[in-house]
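The following account is intended to be read with the model open beside it. It proceeds from the empty spaces to the strands and the packing around them.

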Amino acid sequence: TATISEGWHLYSQFVNNEIGPVPTSFKFVENEFVTLSGNVKEPKAIQEYDENFEATLNFFKEKVMFTQKAVTKQTTVEEIIITYMVCNETMCLPPVDQKFVVEIKSN
């Protein structure tokens with residue numbers, strides 16, 4: 001779950017990055033005990049024209065939850081590197097790579 005500060009927005013995974021903004025992406029560090037099922041899911045994004053990039057883009061405001069199904073036979077941890085970029089009406093911050101460690105309990 002990402003909480004987005006007022007006035008800022010976070011880009012969807014589904015952005016044509018030839019336009020300019022960096023789409024949100026997820027890299028799961030290989031773990032022999034974890035099997036990922038499908039792709040990272042996200043809710044329906046806001047789709048609006050962005051004057052900074054002169055294009056219609058998909059993004060989120062306030063809060064968004066991304067989900068990934070995973071299966072494991074034993075409790076373990078999964079390291080995830082999330083790359084994201086946020087912008088407001090006048091500027092964008094450089095893309096960030098943020099590492100998260102999530103505990104996955106056995107089924």
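Strand E11 contributes five residues to the lining of the largest pocket, the most of any element. The model is a predicted one, and in it this pocket encloses about 730 Å³ of space. Its lining comprises 30 residues, and those closest to the centre are Thr 1, Phe 26, Phe 66, Ile 82 and Phe 100. Two or more lining residues come from each of strands E1 (2–3), E3 (25–28), E4 (34–41), E8 (67–72), E9 (76–84) and E11 (96–104). What is the character of the lining by class? It has 22 nonpolar residues, seven polar residues and one charged residue.

The second largest pocket has a volume of about 330 Å³. It is lined by 16 residues, and nearest its centre lie His 9, Glu 48, Lys 61, Asn 88 and Glu 89. Here the lining divides into seven charged, five polar and four nonpolar residues. Strand E5 (residues 46–50) gives the most to this lining, namely three residues.

E5 also leads into the strand architecture. The protein chain has 11 strands and zero helices. Strands of a sheet pair through backbone hydrogen bonds, in either a parallel or an antiparallel sense. In this model, an open sheet of four strands is arranged in the order E5-E6-E2-E10, with antiparallel pairing. E5 and strand E10 (86–87) are its edge strands, each pairing on one side only.

The sheet may be followed from one edge to the other. E5 and E6 are joined by five bridges in the antiparallel sense, and Tyr 49 has Thr 56 as its bridge partner in E6. E6 and E2 also run antiparallel, joined by two bridges. Strand E2 (residues 9–11) then pairs with E10, again antiparallel and over two bridges. Leu 10 takes part on both sides: its bridge partner in E6 is Phe 60, and its bridge partner in E10 is Val 86.

Why is E6 described as largely enclosed by the rest of the structure? Five of its six residues are buried, so the remainder of the structure surrounds most of this strand. A residue is counted as buried when its relative accessible area is under 20%. Over the protein chain, buried residues make up 34% of the 107 residues.

The loops on either side of E6 present another picture. Glu 54 lies in the loop between E5 and strand E6 (55–60). The hairpin formed by these two strands has four residues between them, and Glu 54 adopts a positive phi near 50° there. Glu 54 is not a glycine, and it counts as exposed because its relative accessibility is 65%, the threshold being over 50%. Glu 62 is found in the loop between E6 and strand E7 (63–64). It likewise has a positive phi, of about 70°, although it is not a glycine. Glu 62 is exposed, with a relative accessible area of 63%.

The bridge partners of Leu 10 reappear in the packing of side chains. In soluble globular proteins, nonpolar side chains tend to be buried together. The largest nonpolar core here consists of nine residues: Ile 4, Trp 8, Leu 10, Val 40, Ala 45, Phe 60, Val 64, Phe 66 and Val 86. Setting aside neighbours within four places in sequence, Ile 4 is in contact with His 9, Leu 10, Phe 60, Lys 61, Glu 62, Lys 63 and Val 64. A second core, of eight residues, lies apart from the largest one and includes Val 15, Leu 57, Phe 59 and Met 85.

Beyond E10, the chain enters the loop between E10 and E11, where Pro 94 is found. Pro 94 is exposed, with a relative accessible area of 61%. Although Pro 94 and Pro 21 are 73 residues apart in sequence, their C-alpha atoms are 9.5 Å apart in space.

Such pairings of distant positions can also be considered for the chain as a whole. Of the contacts with a separation of 6 or more, 68% join residues 24 or more positions apart. Taken along the principal axes, the C-alpha atoms fill a box of roughly 50 × 25 × 20 Å.

Key:
Residues are numbered from 1 along each chain as its sequence is written. This is a predicted model: local features need pLDDT of at least 70, side-chain atom pairs count only at pLDDT 80 or more; totals for chains, interfaces and linings use all residues. Side-chain values use heavy atoms; hydrogens and water are left out. On a 1 Å grid over the protein atoms alone, a cavity is a set of points where a 1.4 Å probe fits but cannot get out, and a pocket is an open set with protein on both sides within 12 Å along at least five of seven lines; lining residues have an atom within 4 Å of a point. Grid points are joined across faces, edges and corners, and a volume is the space filled by probe spheres set on the points. Ala, Val, Leu, Ile, Met, Phe, Trp, Tyr, Cys and Pro count as nonpolar, Asp, Glu, Lys and Arg as charged, and the others, Gly among them, as polar. Two strands pair if DSSP finds at least two bridges between them. A nonpolar core is a set of buried Ala, Val, Leu, Ile, Met, Phe, Trp, Tyr and Cys residues joined through side-chain atoms within 4.5 Å. Buried means under 20% relative accessible area, exposed over 50%, partly exposed in between (1.4 Å probe, protein chains only). Contact means heavy atoms within 4.5 Å.
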